[in-house]
There are 2 protein chains.
Amino acid sequence: MPTTPEHLDTIADAAEAAAPLLARASGDERRAWLDAVADRLDAHADELIALAAEETHLDDARLRGEVARTTGQLRGFSDMIQDGAYLEATIDHARADTAPPRPDLRRLLIPIGPVAVFAASNFPFAFSVAGGDTASALAVGCPVVVKIHEGHRRTSVRTAEIVSAALRAAGAPEGSFAIVEGREAGVRLVQHPAIRAAGFTGSVSGGRALFDLASSRPDPIPFYGELGSINPVVITPAAVADKGPELARGLAGSFTLGSGQFCTKPGVVFVPAGAGFEELVVAALPAPEPATLLTPRIASAFAEEMSEAQSDPDLEILAGAATQESGAATPVVLGASAAAVRERPGALLAEHFGPATLLVAYDGDEDLHRTLRAVEGSLTATVHAAADDDIAELVALLSTKAGRVLFDGWPTGVAVAWSQQHGGPWPATTSIHTSVGMTAARRFQRPLTFQDAPAALLPDALREENPLSIPRRIDGRLQLPH
Amino acid sequence: MPTTPEHLDTIADAAEAAAPLLARASGDERRAWLDAVADRLDAHADELIALAAEETHLDDARLRGEVARTTGQLRGFSDMIQDGAYLEATIDHARADTAPPRPDLRRLLIPIGPVAVFAASNFPFAFSVAGGDTASALAVGCPVVVKIHEGHRRTSVRTAEIVSAALRAAGAPEGSFAIVEGREAGVRLVQHPAIRAAGFTGSVSGGRALFDLASSRPDPIPFYGELGSINPVVITPAAVADKGPELARGLAGSFTLGSGQFCTKPGVVFVPAGAGFEELVVAALPAPEPATLLTPRIASAFAEEMSEAQSDPDLEILAGAATQESGAATPVVLGASAAAVRERPGALLAEHFGPATLLVAYDGDEDLHRTLRAVEGSLTATVHAAADDDIAELVALLSTKAGRVLFDGWPTGVAVAWSQQHGGPWPATTSIHTSVGMTAARRFQRPLTFQDAPAALLPDALREENPLSIPRRIDGRLQLPH
């Protein structure tokens with residue numbers, strides 16, 4: 001049932017009232033909240049997975065892995081709190097010998113305030129109610145209001161019940177967490193005065209609309225959107241010669257994984273013209289069994305796009321059916337020339353959410369590089385090369401187009417780690433931050449400096465004796481705790 | 001002369017062409033560029049100060065200090081490069097024992113690309129052509145295009161000549177740095193496809209207009225604006241009793257410093273009702289000698305605002321002349337009640353750029369806290385209290401309103417330091433970053449992760465042997481170089 005405007009106001013006001021209580025909570029308290037949520041979700045995994053399987057048509061193994069990833073992520077942020085570097089605690093002692101004399105300055109990162117989270121369709125757990133945005137915001141002490149995704153409503157409502165119960169039992173303030181439902185509620189949420197930042201995973205059109213609302217507020221707020229990504233892959237001639245069939249199998253597995261409903265799906269693959277790689281990919285395709293997509297809307301959009309592809313004079317259907325069954329999808333391999341892609345990049349490089357990929361035939365490095373320059377920003381870019389290929393220039397070019405550059409792998413699969421980067425130039429994301437990995441928390445923090453503060457009024461992170469035992473930068477030098 | 005659209009395109013295209021060359025430059029090379037600019041500016045300090053004095057009417061001591069601050073800032077960013085932590089180098093080695101197995105992931109921050117800098121009126125050096133935005137962007141390897149401020153055009157053009165010559169002599173690529181001129185050029189610059197981020201210091205109206213342009217691009221870019229700030233100060237009854245005359249002298253000095261043309265000027269001071277502090281401030285005012293403001297436009301805006309204040313039934317003119325001389329300004333002290341401010345916060349708490357401050361009389365903690373909640377975000381918030389005042393709640397409240405909280409001091413004066421925070425909730429800034437201090441560089445970096453990269457293709461910061469000898473987080477643990 002869509003959240004009424006009045007109910008949404010109550011929820012947002014409760015988040016605003018809770019914000020100072022969360023900001024005051026100790027790191028140990030916040031760790032206890034995250035750990036409690038993780039434990040309770042694990043305890044209810046079977047129930048949640050059964051619900052999600054019904055709603056999303058994703059298989060049990062995938063959903064089981066996703067719950068594990070989600071609870072592992074919550075525990076990862078708990079470890080981040082323990083580590084303490086996320087506070088970026090910095091102390092510059094007063095100096096009388098500078099001109100002008102320098103006061104005592106102490107800086108740390110504090111929670112930005114209530115965060116709106118817009119859940120994704122394709123990850124009912126890891127990018128949803130208790131996913132990375134929620135975990136990273138709660139970790140740094142921000143109340144969270146999640147706009148759930150209608151594609152897995154019951155899973156979301158049940159997850160929220162479990163999260164709320166866990167937070168309550170672990171002593172988190174009332175108002176720390178809530179969900180809202182419906183498109184209108186989302187529109188109101190991102191504009192609500194109580195909300196101080198937003199995280200979003202979804203389509204370019206939906207994300208852009210919300211970004212525009214966030215930016216046009218009387219008081220603009222940061223909107224961290226992960227939107228669209230075609231994830232270019234480049235395969236060199238030598239790589240095809242070396243291991244063409246293996247690469248073809250890898251590609252077939254990656255672009256059809258989860259029926260191609262991943263933001264890191266390899267959507268465009270640059271292959272050497274005339275090397276026969278297209279045929280290898282077609283041969284490597286699994287038997288075309290129709291798979292039900294996440295929602296009927298996603299399935300009909302995919303079917304429509306494939307039908308349009310069929311009538312596009314610049315596209316060739318190398319494998320798969322242009323006419324898709326209702327509600328389901330079978331893999332499609334499209335082909336185009338590099339010259340055509342340079343001519344119409346917007347049309348030919350459009351992202352297809354579903355099991356389709358486009359093979360772009362290039363003729364030599366210049367043809368390849370010129371075409372790559374026409375590609376928009378992506379979450380990932382991948383190179384498959386032979387050991388003695390000189391790819392330095394190619395890698396430099398791909399680095400301008402993506403947030404993660406992969407070698408001899410496939411972009412699907414995004415490890416939750418300190419060194420993960422899930423973000424990239426527009427339209428991949430709207431930000432210079434990541435939405436996966438520990439540094440995602442930085443999106444929901446803002447700096448605060450205390451000047452000449454009495455010791456009793458300093459937060460623990462900035463007290464002289466370092467009671468939290470965390471890394472700090474003191475008088476310009478980064479120092480680790482003993 | 002305003003930059004023509006064609007000339008601006010040439011400049012922006014040159015910056016875009018230079019970007020990969022700057023990105024590839026070593027830290028030592030970038031240090032040499034910054035140091036060369038600092039040295040050459042210092043060598044030309046007398047000439048620059050003479051020009052700026054003519055154009056801005058700021059006095060020699062102030063301008064001399066500002067040049068020193070500007071070149072010190074350039075050298076500070078050079079030291080930051082040497083330190084290396086700004087790269088946030090992070091390595092997670094491959095692990096076969098996780099489910100799924102984790103690839104080798106290595107992350108660092110890279111330059112975001114060409115940066116547009118919009119210079120401020122009130123700092124002809126430190127927030128202008130070679131100021132903090134320019135220094136922090138060049139430091140991390142971003143080409144810079146500065147839209148100069150018309151208030152000190154000749155100073156800007158001459159500074160740019162010196163910067164360009166220094167960069168050229170130190171080997172920086174052509175296209176690393178340029179200036180443009182005129183309002184239209186600024187509008188075109190922030191929308192230019194080559195520009196990847198913008199820094200701005202100026203008015204709320206100008207900053208908001210440029211922010212809106214940056215956000216409504218087909219590919220939105222981060223716009224780091226430092227806009228408006230009234231910098232609330234709270235004085236407790238016990239503080240007035242303890243040291244009223246001293247505080248009054250401090251306030252009079254701070255709000256009239258540089259004729260009140262600082263973004264950190266204390267624009268509103270909450271004083272206990274009936275404690276006689278207003279009279280102390282009036283008595284502490286210097287003799288009302290008219291001072292020429294930065295530009296005729298600033299002076300006429302200030303005169304108009306004071307004239308409006310005189311006719312506002314909620315404002316009292318406690319000292320100074322409501323009618324200002326043409327082009328100049330004399331200090332004005334305004335008074336209002338806390339109740340009136342709560343009723344009309346937008347009107348009564350408007351920022352006045354010039355030597356004016358508003359004393360708001362409050363009656364007890366509840367009256368004070370309720371009124372403070374109506375105050376918008378600021379760069380700073382200040383408390384003057386006695387040693388045994390219980391101000392914990394007050395400090396928590398002020399921390400939600402500002403990026404820097406000061407105790408027993410005055411907000412004018414912003415040290416360039418690691419722990420500085422020059423930014424705060426809207427409308428103080430549009431960002432979760434600072435525009436002063438070493439961490440300002442983070443605004444112009446974006447993360448890039450290498451997955452399973454061959455060692456030969458890794459940047460030095462991510463090579464196993466740590467050739468740059470910088471702090472890195474390895475397998476989750478922050479480590480300092482030996």
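**Notes on a two-chain predicted model**

1. Let's start with one pair of residues. In chain B, Asp92(B) stands opposite Leu105(B), which belongs to strand 2 of that chain. Strand 1 and strand 2 of chain B run antiparallel, and 3 bridges join them. Keep this pair in mind, as both strands come back below.

2. A word on what you are looking at: this is a predicted model. For chain A the mean pLDDT is 96, and 100% of its residues reach 70 or more. For the complex, the predictor gives an ipTM of 0.97 and a pTM of 0.97.

3. Now the two chains together. Any two copies of a chain are related by a rotation about an axis and a shift along it. Here, a turn of 180° with a shift of 0.0 Å along the axis lays chain B on chain A, with an RMSD of 0.0 Å. That is the relation of a two-fold axis. If you want to find the axis on your screen, go to Ser215(B): of the residues of chain B, this one comes closest to the axis, with its C-alpha at 3.3 Å.

4. How many residues does each chain bring to the contact? Chain A gives 56 residues and chain B gives 56 residues. Several elements of chain B each supply at least two residues of the side touching chain A, among them helix 8 (204-215), helix 15 (392-399), and the strand 1 (90-92) and strand 2 (105-111) we started with. Strand 17 of chain B gives the most, with 7 residues. Sorted by class, this side of chain B has 30 nonpolar, 16 polar and 10 charged residues.

5. Why can we say that the copies meet through the same surface? Because 100% of the interface residues of chain B are also interface residues in chain A.

6. Here is the bit to trace slowly: a sheet that takes strands from both chains. It is an open sheet of 12 strands in the order 19(A)-18(A)-1(A)-2(A)-17(A)-16(B)-15(B)-8(B)-9(B)-14(B)-13(B)-11(B), and its pairing is mixed. Strand 19 (477-479) of chain A and strand 11 (316-319) of chain B stand at the edges with a single partner strand each, so one side of each has no neighbour in the sheet. From one strand to the next, the twist averages 25°.

7. Zoom in on where this sheet passes from one chain to the other. Strand 17 (residues 445-451) of chain A pairs with strand 16 of chain B in the parallel sense, over 3 bridges. On the other chain's side, strand 15 (residues 378-384) of chain B also pairs with strand 16 of chain B in the parallel sense, over 5 bridges. Leu406(B), in strand 16 of chain B, is a handy marker: Gln451(A) stands opposite Leu406(B), and so does Thr382(B).

8. There is another open sheet of 12 strands, with mixed pairing and the order 11(A)-13(A)-14(A)-9(A)-8(A)-15(A)-16(A)-17(B)-2(B)-1(B)-18(B)-19(B). Strand 11 (316-319) of chain A and strand 19 (477-479) of chain B are the edge strands, each pairing on one side only.

9. Last, look inside one chain. The domain assignment splits chain A into domain 1 (5-227 + 431-479) and domain 2 (232-407). Their C-alpha centres lie 35 Å apart. In chain A, 8 residues of domain 1 are in contact with 8 residues of domain 2. The side of domain 1 that touches domain 2 has 1 nonpolar, 5 polar and 2 charged residues.

Methods
Residues are numbered from 1 along each chain as its sequence is written. Chains are lettered from A and ligands numbered from 1 in the order in which they are written. This is a predicted model: local features need pLDDT of at least 70, side-chain atom pairs count only at pLDDT 80 or more; totals for chains, interfaces and linings use all residues. Copies are superposed by least squares on the C-alpha atoms of residues with pLDDT of at least 70 in both. Two residues are in contact if their C-beta atoms, placed from the backbone, lie within 7 Å. Helices (H or I, at least four residues) and strands (E, at least two) are DSSP runs, numbered from the N terminus. Ala, Val, Leu, Ile, Met, Phe, Trp, Tyr, Cys and Pro count as nonpolar, Asp, Glu, Lys and Arg as charged, and the others, Gly among them, as polar. Two strands pair if DSSP finds at least two bridges between them. pLDDT is the predictor's confidence in each residue, from 0 to 100. Domain bounds come from an automatic or database domain assignment. Axes are lines fitted to C-alpha atoms, for helices over the stretch in contact, and angles run from 0 to 180 degrees between N-to-C directions.
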